[in-house]
Amino acid sequence: MDTVVTLTMNPVIDKSTFIDRVAPEMKLRCEAPTREPGGGGVNVSRAMMQLGGTSKMLYPAGGFTGQLMQEMVAAFGLEQQIIPIADTTRENFIVFENVTGQQYRFGMPGPTLTESELQACLDALEAFQPTPQFIVASGSLTPGAPDDFYAHVAGVAERIGAKLVLDTSSKALQVTMSQEGVFHPVYLVKPNMRELSQLAGVEVIRDEPHQEAAARILIDSGKTDVVIVSLGAQGALLVTKDVVHRYRAPSVPVRSAVGAGDSMVGGIVLKLAQGAPIEEAARYGIAAGSAAVMTDGTQLCRKADTDRLYEQIS
């Protein structure tokens with residue numbers, strides 16, 4: 001299996017709990033909380049482990065929560081490399097309301113990294129041994145990080161001969177793919193419909209030819225080799241230079257959407273690292289994402305569910 005390194009610039013400890021009902025102006029009595037290490041790349045590595053694969057994690061960490069993060073990751077048996085920072089690793093808070101089944105997610109902004117700390121992350125990625133065949137840059141950037149940070153990560157991937165899988169959002173995604181200023185192409189990008197419209201510069205409606213044409217714009221312009229458009233419950237659209245394939249997601253009971261996108265990326269990258277063609281990797285990723293919504297809280301995909309759903313996806 002090829003070496004995979006996940007980069008998580010804004011890791012988090014996800015603290016989740018249950019309560020009968022959420023109400024204002026009251027002292028709410030919650031159940032005992034659970035804590036799990038999270039953040040885009042961390043979840044991708046966890047999902048790959050759940051599916052029987054391996055990866056190496058790189059992330060900045062600081063403060064007492066950063067220490068707790070390292071201990072929790074080690075307890076999962078995941079290989080990690082830490083970039084020490086002066087600020088404190090963030091926590092998120094997730095509340096599940098028993099009466100309605102609704103989920104309330106409170107996301108914190110995260111630490112502010114200095115210029116030298118940001119550069120240390122890039123330097124560590126470039127010096128990583130053994131040289132990874134795949135780099136997964138996933139999740140949000142920390143407050144104050146330049147919007148083009150992932151463009152510099154793409155430059156590292158290009159210099160060391162790695163394939164960059166990019167799964168981020170907002171300004172970080174737009175700037176990385178803009179071909180202005182610092183630009184290096186990425187191997188694979190996973191936008192949703194709204195992000196696809198922004199990246200392609202066209203209005204994308206739920207018409208299949210329009211979606212395919214917009215994805216083709218990204219490929220023909222040299223921004224990426226592979227576009228996998230996440231369509232939620234409808235599945236996903238895969239577009240490469242030679243392939244256009246649409247996958248229908250299986251119908252599953254929904255318990256929690258937390259981590260579904262990261263599980264999808266984990267499934268895709270695992271299969272690619274094992275040498276599978278992109279069509280098979282995308283199909284397995286959709287199965288992993290669907291399996292993740294069947295689990296409670298911040299749990300990710302389970303291998304048995306993923307393998308079973310994989311056989312159902314057309």
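Which residues of α2 are buried? I shall take that question as the starting point for this presentation, and I note at once that the model is predicted.

The buried residues in α2 are Thr-65, Gly-66, Met-69, Met-72 and Val-73. They lie on the same side of α2, because the arc they cover around the axis is only 125°. On the face turned away from that buried side, α2 carries the exposed residues Phe-64 and Ala-75. For this assignment, buried denotes a relative accessible area under 20%, and exposed denotes one over 50%.

What covers the buried residues of α2? The cover includes the strands β2, β3, β4 (56–61), β5 (79–84) and β6, together with helix α1 (40–50).

As to its geometry, α2 has 14 residues, and the distance from its first C-alpha to its last is 20 Å, close to the 20 Å expected at 1.5 Å a residue. After α2 comes Gly-77, which has a positive phi, near 85°.

I turn now to the sheet. Four strands make up an open sheet with mixed pairing, and their order is β3-β2-β6-β7. At the edges are β3 (34–38) and β7 (103–106), each of which pairs on one side only. With direction ignored, neighbouring strands of this sheet are turned by 20° against each other on average. Helix α2, spanning residues 63–76, packs on the sheet and touches β2, β3 and β6 (90–97). The direction of α2 makes about 85° with that of β3.

Within this sheet, let us consider one pairing in detail. Strand β2, residues 12–19, runs antiparallel to β3, and 5 bridges join the two. One residue pair may serve as a reference point in the viewer: Val-12 has Gly-38 in β3 as its bridge partner.

Further along the chain, there is a set of parallel pairings. Strand β9 (residues 163–167) is joined to strand β10 (residues 186–189) by 2 bridges, and these strands run parallel. Here Leu-166 stands opposite Val-189 of β10. Between β9 and β10 the chain passes through helix α5, residues 170–176, and this β-α-β crossover is right-handed. Strand β10 also pairs with strand β11 (residues 224–230), in the parallel sense, over 3 bridges. In that pairing, Leu-188 stands opposite Val-226 of β11.

To conclude, I return to the opening question. Helix α2 packs on the sheet, with its buried residues on the same side and with Phe-64 and Ala-75 exposed on the face turned away.

How values were computed. Residues numbered from 1 in each chain as written. Predicted model: local features only at pLDDT ≥ 70, side-chain atom pairs only at ≥ 80, totals over all residues. Heavy atoms only, no water. Pairing = 2+ DSSP bridges. Axes fitted to C-alpha atoms, helices over the stretch in contact; angles between N-to-C directions. Contact = heavy atoms within 4.5 Å. Expected span 1.5 Å × (residues − 1). Buried < 20%, exposed > 50% of the residue type's maximum accessible area, 1.4 Å probe, protein only. Arc of directions from axis to C-beta. Right-handed = clockwise from strand over helix to strand, strands pointing away.
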